Amino acid sequence: MQVKIENGKLLQAMSLLFNLPLKGKQSRHRTKLIKLLEARSKEVEEQRIELAKEHSNKDEDGNAKSSDGKYDIKNMEAFKKDLQELYEEELVVEGGDNHGMLKTVKQILFSCDQEFKGNDATIYDYLCDQFEGVEDK
C-alpha cells in the first residue's frame with residue numbers, strides 16, 4: 001500500500017484533513033498522516049530557501065543578498081523552474097507501519113459527505129485520486 005502526494009499540495013491537504021470533523025481512530029489516523037505531511041512540508045520549505053539562496057545575487061562575502069527576508073534572485077526563470085521541480089516531487093507514504101492509517105484515511109475520504117467548494121474541492125478530488133488506486137490488503 002502506497003500513497004503519493006506532491007510537495008506543492010501538502011499544505012492544502014493538511015488543511016483539508018485538519019478541518020474534517022472526526023472522532024476516535026479516524027481522528028488519530030488523520031493526525032498521524034498530517035504529522036507526516038507537516039514534517040515533509042518543513043523539509044520542502046528548507047529546500048525552497050536553499051534554492052532561493054542558490055539563485056540569489058551574492059554579497060562580497062559570498063552570501064546570498066536579501067532584505068526583509070526576501071532574497072535578491074538573479075534569474076527568476078531558473079529559480080521558478082527549480083521551484084516547480086521541487087513542488088512536483090512527491091512524498092511517498094508506504095504501507096508497513098502506515099498501512100492501517102492509510103486504509104483509515106482512504107475510508108474517511110471515500111465516505112465523506114461534507115460539501116467542498118473552491119480549493120478544498122480541488123484538493124479533495126486530488127486526494128481521492130491518490131487514494132483511489134490504493135489496495136486495502
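Which side chains meet in a salt bridge at 3.4 Å, N to O? The legend to Figure 1 gives the pair; every view is drawn from a predicted model.

**Figure 1. Salt bridge between Lys-9 and Glu-6.** The side chains of Lys-9 and Glu-6 meet here, with a distance of 3.4 Å from N to O. Lys-9 is partly exposed, with a relative accessibility of 25%. Glu-6 is likewise classed as partly exposed, and its relative accessible area is 23%. The salt bridges of the model number four, and two others are shown in Figures 3 and 4.

**Figure 2. The largest pocket and its lining.** The space in this pocket amounts to about 150 Å³. Its lining is made up of Asn-7, Gly-8, Leu-10, Leu-11, Ser-41, Val-44, Glu-45 and Tyr-87. Two elements, H1 and helix H2 (24-54), each give two or more residues to this lining. The largest share, three residues, is supplied by H2. By residue class, the lining comprises four nonpolar residues, three polar residues and one charged residue.

**Figure 3. Salt bridge between Glu-45 and Arg-48 in helix H2.** Glu-45, one of the residues that line the largest pocket, forms a salt bridge with Arg-48 through its side chain, at 2.7 Å from N to O. Both residues belong to helix H2, where they stand three residues apart, or about one turn of the helix. Glu-45 is partly exposed at a relative accessible area of 36%. For Arg-48, also partly exposed, the relative accessible area is 25%.

**Figure 4. Salt bridge between Glu-50 and Lys-53 in helix H2.** The side chains of Glu-50 and Lys-53 meet with a distance of 3.8 Å from N to O. This pair is about one helical turn apart, because three residues separate the two positions along helix H2. Glu-50 has a relative accessibility of 41% and counts as partly exposed. Lys-53, at 33% relative accessibility, also counts as partly exposed.

**Figure 5. Helix H2 along its length, with its buried residues.** The helix has 31 residues, so at 1.5 Å a residue it should span 45 Å. The C-alpha atoms at its ends are 45 Å apart, in agreement with that expectation. Among the buried residues of H2 are Leu-33, Ile-34, Leu-37, Leu-51 and Ala-52. The buried set also includes Ser-27, His-29, Arg-30 and Arg-40. Ser-41 and Val-44 are buried residues of this helix, and both take part in the lining of the largest pocket.

**Figure 6. Phe-18 in helix H1 and its contacts.** Helix H1 covers residues 10-18, and Phe-18 lies within it. Phe-18 is exposed because its relative accessible area, 60%, is over the 50% cut-off. Apart from neighbours within four places in sequence, Phe-18 is in contact with Arg-30 and Ile-34. Both of these partners are buried residues of H2. Phe-18 and Ile-34 are 16 residues apart along the chain, and a distance of 7.5 Å separates their C-alpha atoms.

**Figure 7. Asp-68 in the loop between strands E2 and E3.** This loop connects strand E2 (66-67) with strand E3 (70-71), and Asp-68 is found in it. The phi angle of Asp-68 is positive, at about 55°, although the residue is not a glycine. Asp-68 counts as exposed, with a relative accessibility of 81%.

**Figure 8. Helix H4 and the elements that cover its buried residues.** Helix H4 comprises residues 99-111, a run of 13 residues. From first C-alpha to last, this helix reaches 18 Å, close to the 18 Å expected at 1.5 Å a residue. Its buried residues are Met-101, Leu-102, Thr-104, Val-105, Lys-106, Ile-108 and Leu-109. What covers these buried residues includes two strands, E1 (2-6) and E4 (90-94), together with H1, H2 and helix H5 (118-132).

**Figure 9. Glu-89 in the loop between helix H3 and E4.** Glu-89 is located in the loop between helix H3 (76-88) and E4. At a relative accessibility of 41%, this residue counts as partly exposed. With neighbours within four places in sequence set aside, Glu-89 is in contact with Ile-5, Glu-6, Asn-7 and Arg-40. Of these partners, Glu-6 takes part in the salt bridge with Lys-9, Asn-7 lines the largest pocket, and Arg-40 is buried in H2. The C-alpha atoms of Glu-89 and Cys-128 are separated by 18 Å, and the two residues are 39 residues apart along the chain.

Conventions: Residues numbered from 1 in each chain as written. Predicted model: local features only at pLDDT ≥ 70, side-chain atom pairs only at ≥ 80, totals over all residues. Heavy atoms only, no water. Helix = DSSP H or I, 4+ residues; strand = E, 2+ residues; numbered from the N terminus. Buried < 20%, exposed > 50% of the residue type's maximum accessible area, 1.4 Å probe, protein only. Contact = heavy atoms within 4.5 Å. 1 Å grid on protein atoms, 1.4 Å probe; cavity = no way out; pocket = protein on both sides within 12 Å on 5 of 7 lines; lining within 4 Å. Points joined across faces, edges and corners; volume = space filled by probe spheres on them. Nonpolar A, V, L, I, M, F, W, Y, C, P; charged D, E, K, R; others polar. Expected span 1.5 Å × (residues − 1).
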